[in-house]
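Me: Please examine the model below with me. I should like each descriptive term to be justified from its value.

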Amino acid sequence: MLKIKQIDFIKAVYDDSMSHNIFSIANITFSNYEPIHGALLYWCRNSTNGEYTAEGDYKFFYDMANVTYFASVKFPKHVRLTRDQKQELAYILLEERGSIGSYSFPTHINRRKYDIEKEYNALTFPENFNPATIEPILKQVSMKQVLEIQQQHPHLSKRFIRQYISWRSRAAQMHINDLEPYLHMISFEHLCLTNPYLTEQYLIEHLEQLAPTLQYNYPVLNRLSSSFKQYLIDFLQQQQIPFNEDFAHKLEQFIADDHFYMDKEVTYYEFEEFEEEMDLQFFEYDVGPNKWSGSEHLVKGIPSLACQKYDQYGFKRKTNKEMDTLIATVSQTQLDLLCAVLEPHWLHRYRNKLNWTKICRYNRYLAEDFILAHLKFIDFEALGEHTSCQLSEEFMLKYMKRFNHKNPVPVVLRNLTVPLYEAYKDTIKINLQLLHKYSTSIAKEELIQLEKLLSE
């Protein structure tokens, strides 16, 4: 195995036209191999069906539904690596550089087939048209509904109402990036009802426009943190809005369950959030103790957040300056809600402004390395309520006494091991019922041993 010691990226050129361009140059040092200087990372329009270019470079596609462009790496001629080794090393470089996500992002396969601009230009909007006058409609509109709308708004013709609703129903399910020029003609209430691309952070940034119709948007509800779910429920109660019957009697389950609506039949596009990691055969890469999403580690010179133009849902990432403006202008409620969704880069940057109790209880990006690097900020009682944070046995043994053990501690139960139980069996609140509740996060052999210990 060749052991990568460090990767330095020395050039970054963003090219929105996506023409054939080098966008980064990498220098790689190894602990057991000669250094490689000047590996060229580039993207290019795909013009052939083969897996490799004419020069033998392997093609990497971020979005297999759209193979118009590929990313690749050209190594110096003197590099004595096999084709398979070059392919694997190219994969590592592109992953670390964040290149693939900088020119493409998850998208519905039919997303571009609807010509929103052409259909928009075909509409003749009445003067001072207010999109809020036509209430959100999830299913196909009937003639009866058209007549009701016209009775309420006589200045709107039946033809316009039908054309507008047809355009809105298609447009509102497109990505917000594509909708930017037309958002003034679609009510936020309708977006909350039908747009599957809305992220929690986008909703927080537009919190003053939040609509009760969000409770019917199942793909978005599935992605919300328990922090925002609780806010949504409180919002509906304060507005005295009737609950969607799907969670009218199951509010606690809705808050706790990340896949509460997975069994619902929905027509919206849902993202594949997790990608299978490549099994490295030729290289070892020690990313070091400071590896966490959104930070630098052994990759020097280019912070990974700045490398990627888009997040996994296709929203353009904010620059530090843009984020500084946002943090300075949001309300305290918005700031508290952001604590659940901000990536570690931003948590660190605004560490003195954020609510660490909410970060420790809700933030989906919390990892052990990040926690150890920010130990003075950590609220262990709140961290104990985190439902998904993975922590090592060593960490748990060292900091077990800092959790509040008056009641069962979720983060302890989901990271429970036999040595941990034996060391703190008089402290940890657990029984067989609780063990089975968290069994999916415990290794099978460990679970069997814990069951025996608890049955004694």
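Reply: What follows treats one helix pair and two loop residues in this predicted model.

Me: Why is H3 called oblique to H4?

Reply: The axes of H3 (residues 143-152) and H4 (residues 158-171) come within 10 Å and cross at roughly 120 degrees. Roughly perpendicular covers 65 to 115 degrees, and roughly antiparallel requires over 145. The crossing angle of roughly 120 degrees belongs to neither class, and therefore H3 is oblique to H4. As to handedness, H3 passes H4 in a right-handed crossing.

Me: What makes up the contact of H3 with H4, by class?

Reply: On the H3 side are Met-143, Val-146, Leu-147, Ile-149 and Gln-150, which meet Lys-158, Ile-161, Arg-162 and Ile-165 in H4. By class, this contact has six nonpolar, one polar and two charged residues. Lys and Arg count as charged, and H4 contributes Lys-158 and Arg-162.

Me: Why is Asn-128 called exposed?

Reply: The term exposed applies over 50% relative accessible area. Asn-128 has 72%, so this residue is exposed. Asn-128 lies in the loop between H2 (116-121) and H3. Its phi is near 60 degrees, a positive value in a residue other than glycine.

Me: Where is Gln-240 found, and what makes this residue exposed?

Reply: Gln-240 sits in the loop between H9 (226-238) and H10 (245-248). Its relative accessible area is 71%. The cut-off is over 50%, so Gln-240 is exposed. Phi of Gln-240 is near 55 degrees, again a positive value in a residue other than glycine.

Methods. Residues numbered from 1 in each chain as written. Predicted model: local features only at pLDDT ≥ 70, side-chain atom pairs only at ≥ 80, totals over all residues. Heavy atoms only, no water. Axes fitted to C-alpha atoms, helices over the stretch in contact; angles between N-to-C directions. Helix = DSSP H or I, 4+ residues; strand = E, 2+ residues; numbered from the N terminus. Parallel < 35°, antiparallel > 145°, perpendicular 65-115°, else oblique. Left-handed = near helix turned anticlockwise from the far one by under 90°. Contact = heavy atoms within 4.5 Å. Buried < 20%, exposed > 50% of the residue type's maximum accessible area, 1.4 Å probe, protein only.
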